[in-house]
Structures are given as C-alpha cells and as structure tokens.
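Please open the structure in your viewer and set side chains to display as sticks. This tour visits salt bridges, one stop at a time.

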Amino acid sequence: MFLTLLAVGFGIFVLCMVWSLLNRGAKSRRASLDQDTIDNSAKDLISRYGSTADLEASKLSEQCLAIGDFEGEAVWKLVKKAISRLQS
C-alpha cells in the first residue's frame, strides 16, 4: 500500500514538473495583435455564433493550448474578453 501511494505521489510530482517546463513563461506571453484586430475577431464571432460566441472563443483557446500554441491561446483569450465587453 505504501509503495503504491509513493508511486502515485512520484507520478504526480513528475507531471507537475513537466507541466511547469512546458508552461515556462506562459504568464509573461502577450498577444501580438492590436486591439482593433481583436475587436474585429470578436465581432465576427458574435455575428456567427451570437450569444455562444464566448464559448466558441474558449473552445478555440483550448484547441491552441492542446497543440502547444501558447500565443494563439493568449489571442483567443483576449478575443473572449472583447466578446464579453461588447456583449455587455
């Protein structure tokens, strides 16, 4: 039992270390688009998806993250914020 818990704990530790290496500097990354481009993308998603545009932006952000495109993820998060701002 103890060895099983030790192995699980070590596995979690390794996963956390790999995650931290993959996301090194992710918080400091900034999208390289101007606000007008982000607003235009938000307006386009709103016209296509209506009230679910923010969900679509979240989905696109998650897809970028899944393939390791951290800048794309940051862009779609900014688009999601713009959608929320424009819909309020």
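This is a predicted model, in which local features need pLDDT of at least 70 and side-chain atom pairs count only at pLDDT 80 or more, while totals for chains, interfaces and linings use all residues. Residues are numbered from 1 along each chain as its sequence is written, and side-chain values use heavy atoms, with hydrogens and water left out.

A salt bridge here is a side-chain nitrogen of Lys or Arg within 4 Å of a carboxyl oxygen of Asp or Glu. By this rule there are 4 salt bridges; the stops below include three pairs.

Select Asp-39 and Arg-85 to begin. Their side chains form a salt bridge, with N to O at 2.5 Å. Asp-39 is in helix H2 (residues 35-49) and Arg-85 is in helix H4 (residues 70-87), so the pair ties together parts 46 residues apart in sequence. Helices (H or I, at least four residues) are DSSP runs, numbered from the N terminus. Asp-39 is buried at 14% relative accessible area, and Arg-85 is partly exposed at 43%. Buried means under 20% relative accessible area, exposed over 50%, and partly exposed in between (1.4 Å probe, protein chains only).

Next, select Asp-44 and Arg-48. The closest N and O atoms of this salt bridge are 3.5 Å apart. Both residues lie in helix H2, 4 residues apart, or about one helical turn. Asp-44 is partly exposed at 33%, whereas Arg-48 is exposed at 60%.

Finally, select Glu-56 and Lys-59. How far apart are N and O in this salt bridge? The distance is 3.5 Å. The two residues are 3 apart in helix H3 (residues 53-66), about one helical turn. Glu-56 is buried at 14%, and Lys-59 is partly exposed at 41%.
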